Amino acid sequence: MTIIDEMKDDIKKVLYSQQQISERLEQLGEKLTADYAGKNPLVLCVLKGGSVFMADIVRSMKVQLQMDFMAVSSYSGTATTGEVRVVKDLESSIEGREILIVEDIVDTGLTLSYLIQQLSSRKPASINICALLLKKKTDPSEQRHVDVKYVGFECPDEFVVGYGLDYNEKYRNLPYIGVLKEEVYA
Ligand code: IMP
């Protein structure tokens, strides 16, 4: 039994298979290729969760682009701490650049709204967000704090893991996205 098989045992249900993710990425890539042709975007990955998605999405974008990485922290376990800290800043200047932020999942949008606020003061030409997952919010009081222009999937409002997303740093290397069994949290 491999480590991947062991992790699979912790999964209650698979939400998006490897095949579904790759098909959706191809569609997203076509849209991004059309929108960013000739614009030489700076694609920013929000570490660590966005890294797996970043690696795939940049290869589906058939345009000249650059990559940079940022890390912020706001979550501990499955709950947001409500506090966002920049843990690793960008290496490049973003002044006058077309910025595409690549993020694994947008839940409340607090992390990204904070990030956009920080980045806006550095005078980029534009900032757009590409998120693999956008959590569906049914309660109107849970209004999202940011606009996400490019979305892979609208997912149920549950804690999900895999394809870069972790639970206490585990499950990031699962090739699909799923929901954990309750006993894993016990
Ligand atoms: P937000 O600020 O509430 O939008 O949360 C964004 C960040 O929280 C994401 O970049 C993830 O790192 C983390 N996050 C939110 N929901 C989940 C989840 O269901 N699984 C794993 N990480 C999550």
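User: Which residue has a side-chain N or O atom 3.0 Å from an oxygen atom of the ligand?

Analyst: This is a predicted model. A polar contact is a pair of N or O atoms within 3.5 Å. The pair in question joins a ligand oxygen and a side-chain N or O atom at 3.0 Å. The residue is Lys135.

User: Which residue offers a backbone N or O atom to a nitrogen atom of the ligand, and at what distance?

Analyst: Leu110 has a polar backbone atom 3.4 Å from the ligand, but the ligand atom there is an oxygen. For the ligand nitrogen, the partner is a backbone N or O atom of Val160, at 2.7 Å.

User: How much of the ligand's exposed area does the protein bury?

Analyst: Taken alone, the ligand exposes 490 Å². Its shell holds 16 residues, with Asp107, Thr108, Gly109, Thr111 and Val160 the closest. The protein buries 91% of the ligand's area.

User: Which element gives the most residues to the shell around the ligand?

Analyst: Both β5 (98–106) and α4 (110–120) supply at least two residues. The top contribution is four residues. The element is β5.

User: How many charged residues does the shell around the ligand have?

Analyst: Seven of the shell residues are nonpolar and three are polar. The charged class counts six.

User: What is the strand order in the open sheet of three strands?

Analyst: The edge strands are β1 (11–16) and β8 (160–161), each pairing on one side only. β1 pairs with β9 (177–180) in the antiparallel sense over four bridges, and Tyr16 stands opposite Ile177 in β9. The order is β1-β9-β8.

Conventions. Residues are numbered from 1 along each chain as its sequence is written. This is a predicted model: local features need pLDDT of at least 70, side-chain atom pairs count only at pLDDT 80 or more; totals for chains, interfaces and linings use all residues. Side-chain values use heavy atoms; hydrogens and water are left out. A residue is near a molecule or strand if one of its heavy atoms lies within 4 Å of it. A polar contact is a pair of N or O atoms within 3.5 Å; within protein, one must be able to donate a hydrogen and the other to accept it, and residues adjacent in sequence count only if both atoms are side-chain atoms. Accessible areas come from the Shrake-Rupley method with a 1.4 Å probe; for residues, only the protein chains shown count as cover. Ala, Val, Leu, Ile, Met, Phe, Trp, Tyr, Cys and Pro count as nonpolar, Asp, Glu, Lys and Arg as charged, and the others, Gly among them, as polar. Two strands pair if DSSP finds at least two bridges between them.
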